[in-house]
Amino acid sequence: MTDRLAHVTKTAGLAALSSSRSGRRNTEHVFAIIRRWFDPHEVREVGTTPDYRFSLANERTFLAWIRTGLALLGGGLAIAGFLPPLHVPHLREGLALALMALGGFIALRAIDHWSRCERAMRLGEPLPASRFPAVLAIAVTLGSILLLIAIIVPGPLR
């Protein structure tokens, strides 16, 4: 019985140690990704320099995503400041906050995608696939449908 207890304790200890190492590796991985966002020299140290036209196209894509994020931030501010009260209580504020949060998220996604694409081009790897354009399109579509329903459906104003 004592041997079994020692084995269970040892196994649990190894699992906990492995889990803490895995957590540490995940944290280090996240910090490595964030460091690449702010230190373009680290991105440029790997692989070979791609054709400058590809790097410039990657940068233009990044700037397009930043413009999209800024447009959503501006839309959120406009809704918060200028949209009259809707029939659904707090929908205006919720929509404004959602648009502003989405705009901020898009900015983070843009820098991450830029650094991953730049790194892939330098290493001669395929460019990373992204589901984000489809997710963004679905989110905007659902948001517009909900807003149309809230505007059309009559109800008490606050």
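A salt bridge is taken here as a side-chain nitrogen of Lys or Arg within 4 Å of a carboxyl oxygen of Asp or Glu. By that rule, the structure holds five salt bridges. The structure is a predicted model, in which local features need pLDDT of at least 70 and side-chain atom pairs count only at pLDDT 80 or more, while totals for chains, interfaces and linings use all residues. Residues are numbered from 1 along each chain as its sequence is written, and side-chain values rest on heavy atoms, with hydrogens and water left out.

Helix H4 is a good place to start. Helices here are DSSP runs of H or I with at least four residues, strands are runs of E with at least two, and both are numbered from the N terminus. The expected span of a helix is 1.5 Å times one less than its number of residues. With 33 residues, H4 should therefore span 48 Å, and its end C-alpha atoms are 47 Å apart, which agrees. Right after H4 comes Gly124, with a positive phi near 70°.

Ahead of H4, the loop between H3 and H4 holds His90. His90 has a phi near 65°, a positive value in a residue other than glycine. For exposure, buried means under 20% relative accessible area, exposed means over 50%, and partly exposed is in between (1.4 Å probe, protein chains only). His90 comes out at 54% relative accessibility, so it counts as exposed.

Now for the charged pairs. Side chains of opposite charge can pair when their charged atoms come close. One salt bridge joins Arg92 and Glu93, with 3.4 Å between the closest N and O atoms. Arg92 counts as buried because its relative accessibility is 18%, whereas Glu93, at 29%, counts as partly exposed.

Further along, Asp112 and Arg116 make a salt bridge, their closest N and O atoms being 3.3 Å apart. Both residues sit in helix H4, four residues apart, or about one turn of the helix. Asp112 has 15% relative accessibility and so counts as buried; Arg116, with a relative accessible area of 30%, is partly exposed. The pair also belongs to a bigger arrangement: a network of salt bridges links Arg109, Asp112 and Arg116.

Glu118 and Arg122 repeat the theme, their side chains meeting in a salt bridge at 3.9 Å, N to O. These two also both lie in helix H4, four residues apart, about one turn of the helix. Glu118 is buried, and so is Arg122. Across from this stretch there is Glu59, a residue of helix H3. The C-alpha atoms of Glu59 and Glu118 are separated by 9.1 Å, although the two are 59 residues apart along the chain. Glu59 has a relative accessible area of 38%, so it is partly exposed.

Cys117 is another residue of helix H4. With a relative accessible area of just 6%, Cys117 is buried. Contact means heavy atoms within 4.5 Å. Setting aside neighbours within four places in sequence, Cys117 is in contact with Asn58, Leu127 and Pro128. Between the C-alpha atoms of Cys117 and Ala129, twelve residues apart along the chain, the separation is 9.4 Å.

That leaves helix H5, residues 132-152. Its 21 residues should span 30 Å at 1.5 Å a residue, and the end C-alpha atoms are 30 Å apart, which agrees. Within H5, Phe132, Leu136 and Ala150 are buried. Seen down the axis of H5, the buried residues fall within an arc of 60°, so they line one face of the helix; the arc is that of the directions from the helix axis to the C-beta atoms. These buried residues pack against helix H3 (52-82) and helix H4 (91-123). The face turned away from the buried side carries the exposed residues Ile138, Leu148 and Ile152.

There is also a nonpolar patch on the surface, formed by Ile138, Leu142, Ile145, Leu146, Ile149 and Val153, with about 560 Å² of accessible area together. Patches are made of residues with over 30% relative accessible area and no salt bridge, joining like charges within 9 Å and nonpolar side chains (Val, Leu, Ile, Met, Phe, Trp, Tyr) within 5 Å. Accessible areas come from the Shrake-Rupley method with a 1.4 Å probe, and for residues only the protein chains shown count as cover. Ile149, one of the patch residues, is found in helix H5. Ile149 counts as partly exposed because its relative accessibility is 45%.
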